[in-house]
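Me: I'd like to learn what stands behind the words people use for a protein model. Please go through some of them with me, one at a time.

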Amino acid sequence: MTTPKKSVGIGFIGAGDISVLHAQAVARCPGAHLVGLWNRTAERAAARAEEFSCRQFATPDELVADPDVDAVLVLTNLETHLEYTRMALRAGKPVLVEKPIGASTAEIEEMIRLSEETGLPCMPGHNYIYEESLSRSRDLIAAGDLGKLTSVYVMYNIHHPEEVARRYPGVIRQILTHHSYILLFLAGPVRRVSAMKATLHYEEYKEEDIAMALLELENGALAHFCASFAADDHAADPWTVMVKAIGTAGSTRYSYRDWVEIKPGLAHSQTYTAYQASITNEVRHFIDVCVRNGGAPLTTLEDALQAQRLIEAIESSVAQGATVEL
Ligand SMILES: NC(=O)c1ccc[n+]([C@@H]2O[C@H](COP(=O)([O-])OP(=O)(O)OC[C@H]3O[C@@H](n4cnc5c(N)ncnc54)[C@H](O)[C@@H]3O)[C@@H](O)[C@H]2O)c1
């Protein structure tokens, strides 16, 4: 007879929009439960604790020290990710930290050191790659079943109103971070990049609401990134979120538009079922593979570091109006 496994207790640091998807994910993860949360604004913490039927902690230190909390999800704004990741790891708790995981390569390097020193998993919140179809695409590319890889497109066109967008950095950090880890996961490192950005629909907010990049990969293939908060794509077969890989002997596609529910989804005008599904798969991997069995995430902190280097090269290309080598 096997002994039943203890349910893994989860604590959330930060209870903004993304915590709603993570709470659903934990609820859908057999063998895990949400113990409680802390949020900087106590009123929001109380409301979310009631919504998620969990405890409200008075401070983040109290949350990470609680013996019922076995692992921590860092769901605050980018600027505070390192601070709370450090706090949780030093308290002996494995961490899943939302993307972009750090504000600089130095911050991610510190996360790598902390994870090595404590011997604890620290998993980047790279949710898209936990979609099975992206893993399948990666395997086809790696095995050469698509022939010689020629091109990869990662496209994102989801309107975000200014009041939502101003909670985030511009789309280069906020959205092209997804594109960067997806491309690295599918097709490997980038050799050089050329990028542009614009601000087209905000009244006051100054950060970019659209950015595009052309990239040359070390394997010789070319890639195209687009990230836009400026407008939804309403045309036939829309590029809402689309990842396409084309090779000389085959091609693959992943699209948010394969599953659409006609109701608002957080900041989105419709609910793209794949969004929640990717977060659910990510949280399951964190709990079942990393926390329970000490296994690795599908992309590591080292991959997050490479993705951050690519983001910084994109910013540098925009600033210089030139192609930048990595
Ligand atoms: N994986 C994805 O697809 C995805 C989607 C959206 C957001 N995110 C990421 O999740 C994180 C949170 O985003 P969100 O949409 O929930 O934003 P949000 O603005 O709704 O919530 C941010 C939370 O951070 C807290 N916060 C802000 N400044 C703080 C500070 N100085 N100290 C402590 N707490 C502070 C706020 O109280 C709030 O609860 C961000 O890193 C974002 O990039 C990821």
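Me: What makes us say that the ligand sits in the largest pocket?

Reply: A molecule sits in a pocket if more than half of its atoms lie within 2 Å of the pocket's grid points. A pocket is an open set of points on a 1 Å grid over the protein atoms alone, with protein on both sides within 12 Å along at least five of seven lines. The ligand passes that test for the largest pocket. Helices α1 (17–27) and α4 (81–90) are the elements that give two or more residues to the shell around the ligand. Helices (H or I, at least four residues) and strands (E, at least two) are DSSP runs, numbered from the N terminus.

Before we go on, two notes on the ground rules. This is a predicted model, in which local features need pLDDT of at least 70 and side-chain atom pairs count only at pLDDT 80 or more, while totals for chains, interfaces and linings use all residues. Residues are numbered from 1 along each chain as its sequence is written, and side-chain values use heavy atoms, with hydrogens and water left out.

Me: Which residues come nearest to the ligand?

Reply: They are Asn39, Lys99, Asn127, Arg167 and Tyr168, out of 24 residues around the ligand. A residue counts as near if one of its heavy atoms lies within 4 Å.

Me: How do you know that Lys99 has a polar contact with the ligand?

Reply: The term needs a pair of N or O atoms within 3.5 Å; within protein, one must be able to donate a hydrogen and the other to accept it, and residues adjacent in sequence count only if both atoms are side-chain atoms. A polar backbone atom of Lys99 is 2.8 Å from an oxygen atom of the ligand, and 2.8 Å is within the 3.5 Å limit, so the pair qualifies. Two side chains pass as well: Arg44 has an N or O atom 3.2 Å from a ligand oxygen, and Asn77 has one 3.2 Å from a ligand nitrogen. The protein buries 88% of the 840 Å² that the ligand exposes when taken alone.

Me: What is special about the bond between Lys99 and Pro100?

Reply: That peptide bond is cis, with omega about -15°. Pro100 belongs to the loop between β5 and α5.

Me: Why is Val97 called buried?

Reply: Buried means under 20% relative accessible area, exposed over 50%, and partly exposed in between (1.4 Å probe, protein chains only). Val97 has 0%, so it is buried. Val97 is part of strand β5 (residues 95–98). Its contacts beyond four places in sequence include Val74, His81, Met111 and Cys122, where contact means heavy atoms within 4.5 Å.

Me: Why does Glu216 count as buried?

Reply: Its relative accessibility is 19%, which is under the limit, so the word applies. Glu216 lies in strand β9 (residues 210–217). Farther along the chain than four places, Glu216 touches Val190, Arg191, Arg192, Ala221 and Leu222.

Val324 also meets Arg191 and Arg192, among others. Val324 has a relative accessible area of 11% and is therefore buried too. Although 131 residues separate Val324 from Val193 in sequence, their C-alpha atoms are 5.4 Å apart.

Me: Why is Glu117 called exposed?

Reply: Glu117 reaches 60% relative accessibility, which is over the limit for that word, so exposed fits. Glu117 sits in helix α5 (residues 105–118).

Me: Why is Leu266 called partly exposed?

Reply: At 39%, Leu266 falls in the range between buried and exposed, so it gets the middle word. Leu266 also has a positive phi of about 50°, although it is not a glycine. Its place is the loop between β13 (260–261) and β14 (271–272).

Ser53 is another non-glycine residue with a positive phi, near 55°. Ser53 has a relative accessible area of 66%, so it is exposed.

Me: How do you know that Thr271 makes polar contacts with Lys263 and Pro264?

Reply: The side chain of Thr271 reaches the backbone oxygen of Lys263 at 2.8 Å. A polar atom of that side chain also lies 3.2 Å from the backbone oxygen of Pro264. Both distances are inside the limit given earlier, so both pairs earn the name. Thr271 belongs to strand β14, and its 15% relative accessible area is why it is called buried.

Note on methods: Areas by Shrake-Rupley, 256 points an atom, 1.4 Å probe, with all protein chains shown as cover. 1 Å grid on protein atoms, 1.4 Å probe; cavity = no way out; pocket = protein on both sides within 12 Å on 5 of 7 lines; lining within 4 Å.
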